[in-house]
Amino acid sequence: MSYRKAFIVSNALLLGVFIWAFAKDFLAPWRPYQAKYYEMAGEVLDKQAASEKDPKKAADLKAAAYKVRHSPMEIKQIIVGDLGRFDRCVTCHVGMDEYTNPTLKNGFKENPYKSHPKVDEALVKAHPFTKFGCTGCHSGQGLATSVEAAHGWVKHWEKPMLKGVHIQGSCVKCHGNFETLKGAETAAKGKKLFNQHGCQGCHMISGFGGTTSVALDDIADKPFERIAGYNFKRVRIDGKELPDEHHDSHWNIQNWILGHLTNDPAEVTPNDPFAHLNAEPIPPSGMPDFRSELSREDADAIVAYLSGQTKEEQIPYRYHVPGPPAKDPALSGLAHGRYVFQKYGCAGCHGIDAKLGRRRINAMGPGQEEYDEKMPEAQLFANMNKGAEPTLPDLMGTYKAAELITKIENGVPAADAKKWNPKGPLPMVTMPAWKGKISKHELDDLAAWLLSIAKKDDSGF
Ligand code: HEC
Ligand code: HEC
Ligand code: HEC
Ligand code: HEC
Ligand code: HEC
């Protein structure tokens, strides 16, 4: 090929690339939003000009309107290097860009044009967008410039935008003081419910809690590939299946947590209790069914709290707001004993104030039929499902304080459990050993409280 020919060919190629780049940019999904924003902002100024009496001011307003309408179309981004964020959200949410709209206020009613809620409150004042960006609170995909991708509702994006009250999980990440923080009330309620209902009896957070199941202090980081398997198809929210299209916008960690509270976990994770697929029977999820105790709102509050449990996002020191050190309330005697029961998550298995024996699949429990191996599996399972942990008030009458303390300190080994179906799985939920975990003083008050709630029989003892 002669030089001349090569020159022509490469020029043609260059032109092609140029046209392609130009078209791609021209058709970019963010353009119509930005263009419309400038158009709307121009209209506002034109209206002001029309009603302005002073001709000089009117002319200035008209000029300003012209200038806004002819603003350069560009990708705008907020760089927050030390939070590892490059947020282009303001490319479409132009009213939230301090350079384009220094007051951060406008009268527009629709997204992405309107201004940020609470611009005059700490939510915006204490977190200037130029320093905090957007995704630190909202999650989503900062670099993306199309709606679905930016909001994180696309395949392989692990941090979709937090919807509704779940956004309060972000406050938990930075604010050690979130329990008393204005704007984080739902997450604070979530933490309270988590402790009241005894979730920490089975799940550790920040090194505190039981080990029956996984620790939840990095639950917000759990990769989709480890949750979005076949079990997700069984999750129902408000009684409905999650839509299968755009999986990734629905099969996310928030819905996985919610799914554990708005379903019977044993139905979400049924495993293999009759050993159809495995050599040994594997019991379904040992997590209790909380539907009768937690409303949908309660469940969302817990999701908000847990959405802030991350280890992956390293929040630098200057973005972290310390909270007061955890402190036990000043209680004594029986009130303190009751508090100790709650503090260690005994309620997770024995119910709030020890009023329930929660489910313990394939243990003995109230209302079970006589075992008969010829029963159909559904009937066998229904009986296994009635297995329960003991309701403590029924048993306390037989204890003295010292024996009770020994029992609590030693726990009960799994192998000691009596199975309803001898061929079924060993009940997976067992009484943990608390030795060394609960202080002597706490144990004394706990035992005294447990003895005080012993059910008296009819004769008055
Ligand atoms: C390509 C344009 C575009 C980009 C980029 C964009 N958004 Fe949006 N955003 C929209 C539009 C359009 C809506 C309104 C329609 C909707 O909710 O899908 C919206 C709505 C929202 C809402 C309200 C959602 C609701 O359900 O009420 C939030 C919050 C939001 N965006 C945050 C963000 C954040 C955070 C980013 C950056 C990670 C971002 N957006 C990037 C176009 C965009
Ligand atoms: C300090 C945390 C925080 C930061 C930073 C933040 N937001 Fe928000 N944003 C919130 C909260 C909380 C809400 C819900 C407020 C409410 O409705 O009470 C919200 C609401 C919104 C909405 C919904 C408005 C509506 O009512 O439909 C949009 C859109 C939005 N933010 C976009 C952004 C964009 C874009 C940025 C970055 C320029 C940003 N946010 C930065 C916390 C934050
Ligand atoms: C990336 C970390 C970060 C996130 C996320 C965050 N904040 Fe903050 N917040 C801060 C820092 C840093 C300050 C400044 C503290 C200071 O000046 O002493 C602050 C200050 C505040 C203040 C005013 C001071 C105070 O303690 O009363 C409020 C209120 C507040 N944040 C609420 C929220 C709420 C609500 C959310 C969740 C929607 C949130 N923050 C999310 C880091 C964060
Ligand atoms: C009796 C023990 C027990 C109690 C109490 C309990 N869970 Fe669980 N939980 C489990 C077990 C076992 C699993 C694992 C099987 C499964 O996914 O269902 C689990 C799984 C989970 C998961 C999914 C974890 C993951 O990594 O996929 C979440 C989220 C969860 N529990 C939240 C809670 C909350 C919130 C509470 C309190 C309302 C609670 N749990 C109370 C035993 C318990
Ligand atoms: C992970 C679930 C779980 C947690 C958390 C738990 N227990 Fe238990 N507990 C059990 C089970 C299961 C049994 C029955 C064991 C057996 O007999 O096989 C039991 C038995 C007991 C018993 C003996 C009752 C009897 O049979 O006489 C006492 C007392 C007791 N628990 C107190 C507590 C206290 C106090 C706490 C909190 C410090 C606590 N439990 C936390 C599951 C739990």
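The following dialogue explains how to read the iron sites, salt bridges, cavities and a pocket of this predicted model.

Reader: Which conventions apply to this model?

Author: Residues are numbered from 1 along each chain as its sequence is written, while chains are lettered from A and ligands numbered from 1 in the order in which they are written. The model is predicted, local features need pLDDT of at least 70, side-chain atom pairs count only at pLDDT 80 or more, and totals for chains, interfaces and linings use all residues, with side-chain values resting on heavy atoms and with hydrogens and water left out.

Reader: Which residues are the protein donors of the iron atom of ligand 1?

Author: Donors are N, O and S atoms within 2.8 Å of the metal (3.2 Å for Na, K and Ca); water is not among the atoms, so sites may look incomplete. For the iron atom of ligand 1, the protein donors are His 93 and His 151, each through NE2, at 2.0 to 2.1 Å. This pair links distant parts of the chain, 58 residues apart: His 93 is in the loop between β2 (85-87) and α4 (122-125), and His 151 is in the loop between α7 (147-150) and α8 (168-174). Helices (H or I, at least four residues) and strands (E, at least two) are DSSP runs, numbered from the N terminus.

Reader: Why is the arrangement around the iron atom of ligand 1 octahedral?

Author: Ideal angles at a metal are 90 or 180 degrees for six octahedral donors. Six donors count as octahedral if opposite donors are over 155 degrees apart and all others between 65 and 115. Around the iron atom of ligand 1, the 6 donor atoms subtend angles of 87 to 179 degrees, and the arrangement is therefore octahedral.

Reader: What are the protein donors and the angles at the iron atom of ligand 2?

Author: Here the protein donors are His 116 (NE2) and His 138 (NE2), lying 1.9 Å from the iron atom of ligand 2. The site is octahedral, with angles of 86 to 178 degrees among its 6 donor atoms. Because His 116 lies in the loop between β2 and α4 and His 138 in helix α6 (residues 135-138), the pair ties together parts that are 22 residues apart in sequence.

Reader: Are these histidines buried or exposed?

Author: Buried means under 20% relative accessible area, exposed over 50%, and partly exposed in between (1.4 Å probe, protein chains only). His 93 and His 151 are buried. His 116 is also buried, at 15%, whereas His 138, at 27%, counts as partly exposed.

Reader: How many salt bridges does the structure hold?

Author: A salt bridge is a side-chain nitrogen of Lys or Arg within 4 Å of a carboxyl oxygen of Asp or Glu. The whole structure holds 27 salt bridges.

Reader: Which residues form salt bridges with Glu 313?

Author: One partner is Arg 85, with N and O 2.9 Å apart. Arg 85 lies in strand β2 and Glu 313 in the loop between α13 (296-306) and α14 (333-343), so this pair ties together parts 228 residues apart in sequence. Lys 159 is another partner, at 3.6 Å between the closest N and O atoms. Since Lys 159 lies in the loop between α7 and α8, its pairing with Glu 313 ties together parts 154 residues apart in sequence. A further partner is Lys 173, at 3.1 Å from N to O. Lys 173 lies in helix α8, so the pair it makes with Glu 313 ties together parts 140 residues apart in sequence. Salt bridges with shared partners join Arg 85, Lys 159, Lys 173, Asp 221, Glu 312 and Glu 313 into one network.

Reader: Are the residues of these pairs buried or exposed?

Author: Arg 85 is buried, at 14% relative accessible area, and so is Lys 173, at 11%. Glu 313 and Lys 159 are both buried.

Reader: How many cavities are there, and what lines the largest?

Author: Rolling a probe the size of a water molecule over the atoms shows where empty space is left. On a 1 Å grid over the protein atoms alone, a cavity is a set of points where a 1.4 Å probe fits but cannot get out; a pocket is an open set with protein on both sides within 12 Å along at least five of seven lines; and lining residues have an atom within 4 Å of a point. There are 3 cavities of 30 Å³ or more. The largest has a volume of about 110 Å³, and its lining includes Lys 159, Lys 173 and Glu 313.

Reader: What is the volume of the second largest pocket, and which helix supplies the largest share of its lining?

Author: A volume is the space filled by probe spheres set on the points, which are joined across faces, edges and corners. The second largest pocket has a volume of about 1400 Å³. Among its 38 lining residues, Glu 179, Lys 191, Asn 195, Tyr 305 and Ala 326 lie nearest its centre. The largest share of the lining, 6 residues, comes from α9.

How values were computed
Four donors count as tetrahedral if all angles lie between 85 and 135 degrees; four count as square planar and six as octahedral if opposite donors are over 155 degrees apart and all others between 65 and 115; anything else is irregular.
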